[in-house]
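I opened a fresh page for this chain and wrote down what I looked up, entry by entry. Come along and keep the structure in view.

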Amino acid sequence: GINAEYGTSFIINLAQLWAWEWNLPESAVDLEEVKKFLSTIKLPPFVPKNNKKIVTDESIKKGDEVKKDPEPDFDEIIKNSKLELLQFLGADTKNTALRLNVAQFEKDDDSNHHIDYITACSNLRARMYNIPEGDRLTVKGIAGRIIPAIATTTAVVSGLVTLELIKMVKQSKVADFRNLFMNLAVPIFALSEPVLCVDTCLLYTS
């Protein structure tokens, strides 16, 4: 429900992150007032469209299918939505180049709402799929280990692949290429020469 611990935390921390991104002042949060306000929100029940027609007859040609509704003008929708947002924020609608803050993930700063937001998202997702949830400290530990692992492995693989691409551009001999087996946890780097592919002739031509 909307009053659940992680549901409320998700809304509060997402709002604070958006405020920081759009250079809006961050205000103090009264948890009880937020819960009281959220309890007044009534979400409309999901009602599937009753005018949706699905063609199941495979003998009907594509041109004979049921006439589809015209596609909306997404460019116009985006333009109008942008103007509405600027007016809501009290900005000058003629100057649409608003400066946004770029967030750099930092797990050790408890005031930036990063870990709180990730904890709420991950636990809401876990609750949906009935898998074990994790507390804030567990999420912080996992999130803190993800960034260096991705950064180091991606950097090594990208550099080595680039070297092999340079060899391909230079049309180097097969013996100049290398396979790499890598484990950063040990660490171990094992290089080997690639084996030639077996050539199979499928068609003789003159």
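**Entry 1: starting at Val34**

I began with Val34, which sits in helix H2, residues 31–38. This is a predicted model, so please read everything below in that light. I asked which residues Val34 touches once its neighbours within four places in sequence are set aside. I found Thr8, Ile12 and Val29 in contact with Val34. I also checked Val34 against Ser9: the two are 25 residues apart in sequence, and their C-alpha atoms are 9.9 Å apart in space.

**Entry 2: stepping back to the whole chain**

Next I looked up the secondary structure and got 5 helices and 2 strands. Read from the N terminus, the order is α-α-α-α-α-β-β. The chain has 206 residues, and buried ones make up 13% of them. I noted an exposed area of about 17,600 Å² for the chain, with carbon and sulfur atoms supplying 60% of it. I then turned to contacts with a separation of 6 or more, and saw that residues 24 or more positions apart account for 46% of them.

**Entry 3: confidence**

I wanted to know how far to trust each part. The average pLDDT of the chain is 80, and 80% of the residues score at least 70. Which elements have the lowest and the highest mean pLDDT? Helix H3 (residues 74–88) is the lowest with 77, and H4 is the highest with 92.

**Entry 4: helix H4**

I went to H4 next. It spans residues 114–128, which is 15 residues, and reaches 21 Å from its first C-alpha to its last, close to the 21 Å expected at 1.5 Å a residue. I looked for its buried residues and listed His114, Ile115, Thr119, Ala120, Asn123 and Ala126. After H4 comes Asn130, and I noted its positive phi, near 55°.

**Entry 5: salt bridges**

Side chains of opposite charge can pair when their charged atoms come close. How many salt bridges does a search of the whole structure find? I got 7.

I looked at Glu133 and Arg127, a salt bridge whose closest N and O atoms are 2.8 Å apart. Glu133 has 37% relative accessibility, so I put it down as partly exposed, since that class lies between 20% and 50%. Arg127 is partly exposed as well, with a relative accessible area of 40%.

Lys107 pairs with Asp108, with 3.0 Å between the closest N and O atoms. Lys107 is partly exposed, at a relative accessible area of 25%. I followed this pair further and found Lys107, Asp108 and Lys140 linked in a network of salt bridges.

I saved Glu164 and Lys167 for last: their closest N and O atoms are 3.1 Å apart in a salt bridge. Both residues lie in helix H5, 3 residues apart, or about one turn of the helix. Are they buried or exposed? I found that both Glu164 and Lys167 are buried.

**Entry 6: a nonpolar patch**

I finished on the surface, where Val157, Val161, Leu165 and Met168 form a nonpolar patch. Together they have about 360 Å² of accessible area. I placed Val157 in helix H5, residues 136–169. Why can Val157 count towards a patch? Its relative accessible area is 40%, so it passes the cut-off of over 30% that patch residues need. By that value, Val157 is partly exposed.

Key. Residues numbered from 1 in each chain as written. Heavy atoms only, no water. Patch = residues over 30% accessible without salt bridge, like charges linked within 9 Å, V, L, I, M, F, W, Y side chains within 5 Å. Areas by Shrake-Rupley, 256 points an atom, 1.4 Å probe, with all protein chains shown as cover. Salt bridge = Lys/Arg side-chain N within 4 Å of Asp/Glu carboxyl O. Helix = DSSP H or I, 4+ residues; strand = E, 2+ residues; numbered from the N terminus. Buried < 20%, exposed > 50% of the residue type's maximum accessible area, 1.4 Å probe, protein only. Expected span 1.5 Å × (residues − 1). Contact = heavy atoms within 4.5 Å. pLDDT = per-residue confidence, 0-100.
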